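Here are some short exercises to work through with the model open on your screen. Try each task before you read its solution.

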Amino acid sequence: MAPRQRVVSGRPQKGFLSTAYEELTAAENATIVRSLLVFGAGVAFLHSSLGELLLPP
């Protein structure tokens with residue numbers, strides 16, 4: 001009896017970075033990515049010296 005043969009796809013598997021980039025740029029993830037960027041910008045602003053402008057005198 002002959003051994004079973006495996007069918008291997010001709011496509012190489014993608015790496016972690018290329019898969020992550022495709023997920024970040026996917027249309028269904030756009031709102032999540034945008035909200036994380038706005039949150040990060042807000043935290044960076046409040047952490048900077050410009051955030052002191054919001055404090056009362």
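The exercises below go from the whole chain to a helix and then to a salt bridge.

This is a predicted model, where local features need pLDDT of at least 70, side-chain atom pairs count only at pLDDT 80 or more, and totals for chains, interfaces and linings use all residues. Residues are numbered from 1 along each chain as its sequence is written, and side-chain values use heavy atoms, with hydrogens and water left out.

**Exercise 1.** Compare the radius of gyration of the protein chain with that of a compact globule of 57 residues.

*Solution.* Start with the rule: 2.2 Å times the number of residues to the power 0.38, with the radius taken over C-alpha atoms. For a compact globule this gives a value near 10 Å, but the protein chain has 23 Å. Next, look at the C-alpha trace, which spans about 90 × 20 × 15 Å along its principal axes.

**Exercise 2.** Decide whether helix α2 is buried or lies largely in the open.

*Solution.* Find the helix first: α2 covers residues 30-47 (helices are DSSP runs of H or I, at least four residues, numbered from the N terminus). Then apply the cut-offs: buried is under 20% relative accessible area, exposed over 50%, partly exposed in between, with a 1.4 Å probe and protein chains only. The number of buried residues among its 18 is zero, so α2 lies largely in the open. Leucine 46 sits in this helix and is exposed at 56%.

**Exercise 3.** Find the partner of glutamate 22 in a salt bridge.

*Solution.* Look for a side-chain nitrogen of Lys or Arg within 4 Å of a carboxyl oxygen of Asp or Glu. Lysine 14 is the partner, with the closest N and O atoms 3.0 Å apart. Finally, check accessibility: glutamate 22 is partly exposed at 40%, while lysine 14 is exposed at 54%.

How values were computed: Helices (H or I, at least four residues) and strands (E, at least two) are DSSP runs, numbered from the N terminus.
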